[in-house]
Amino acid sequence: MKNRVGGLAVTVVLLAIRVSAEPLIFDFETGADGWVADWGVKDPPRATTDRSRLNTSSLLFEHEFGKKEETAGVHVVFPEPQDFGTNRSFEGFSAWVCFPQGSEWEAQFYYHTGTQWTWHEGPGHKNLSPGWHQIILKKKQMDPATGLLDLGIQVKNFKLNHKASVLIDRVEVLYSDTPRAVGSASSARAARRALATTQTPPR
């Protein structure tokens, strides 16, 4: 069940592909990488070069905040459950989120497991100001860390009453042993496109 209490909820799903000196997952340099609207987002999410944390592009989400319109989400769904926790070197997930004007932003990772899409959430990062902020979900904060159907970022703001844009960039799976580079950036992007689906989870 999705948490729909206040703010902008953005679903972000990661595919565990190690492609560089760091296990970067999504950099949005060639587009939205298969991300689609889940709930509340009227326009499809898109890559933008207006501002980025890594390289030249990031992913842009827009939402019209207001009464009973406090949340929205976008997501990519795993084609099959992902058992990140079975890898001993797995340490969690990291992403960078950029907030527009306003104050008291909040953000946290969340994910679903099981046939009923059971909701799990990480600790909230609160009182965030405009600009880029890194959010992290550690393995020890995940129960379970296996069988992930998706992985999301929920962004909240309880005060806004107008349209706002949120950017996401540099979404990664974290490992204790930094993997060696495997393949090219173009082949990694092709693999992400092959693995990504646009399924909608059951309501």
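**Salt bridges in the predicted model**

Glu62 counts as partly exposed, with a relative accessibility of 28%. This value belongs to a predicted model, and it makes a handy starting point for a look at the charged pairs. The structure holds three salt bridges, and Glu62 takes part in one of them, where its side chain meets that of Lys163 at 3.8 Å, N to O. This pair joins distant parts of the chain, since Glu62 sits in strand 5 (residues 58-64) and Lys163 in strand 13 (residues 163-175), 101 residues apart. Lys163 is likewise partly exposed, at 44% relative accessibility.

Another salt bridge brings together the side chains of Lys159 and Glu104, at 2.8 Å, N to O. Here too, distant parts of the chain are linked: Lys159 lies in the loop between strand 12 (148-156) and strand 13, whereas Glu104 lies in the loop between strand 7 (90-99) and strand 8 (105-113), with the two positions 55 residues apart in the numbering. Lys159 is classed as exposed because its relative accessible area of 56% is over the 50% cut-off. Its partner Glu104, at 38% relative accessibility, counts as partly exposed.

The remaining pair is formed by Glu172 and Arg170, whose side chains meet in a salt bridge at 3.3 Å, N to O. Is Glu172 buried or exposed? Glu172 is buried, with a relative accessible area of 6%. Arg170 has a relative accessibility of 19%, and because this is under 20%, Arg170 also counts as buried.

Technical notes. Residues numbered from 1 in each chain as written. Predicted model: local features only at pLDDT ≥ 70, side-chain atom pairs only at ≥ 80, totals over all residues. Heavy atoms only, no water. Salt bridge = Lys/Arg side-chain N within 4 Å of Asp/Glu carboxyl O. Helix = DSSP H or I, 4+ residues; strand = E, 2+ residues; numbered from the N terminus. Buried < 20%, exposed > 50% of the residue type's maximum accessible area, 1.4 Å probe, protein only.
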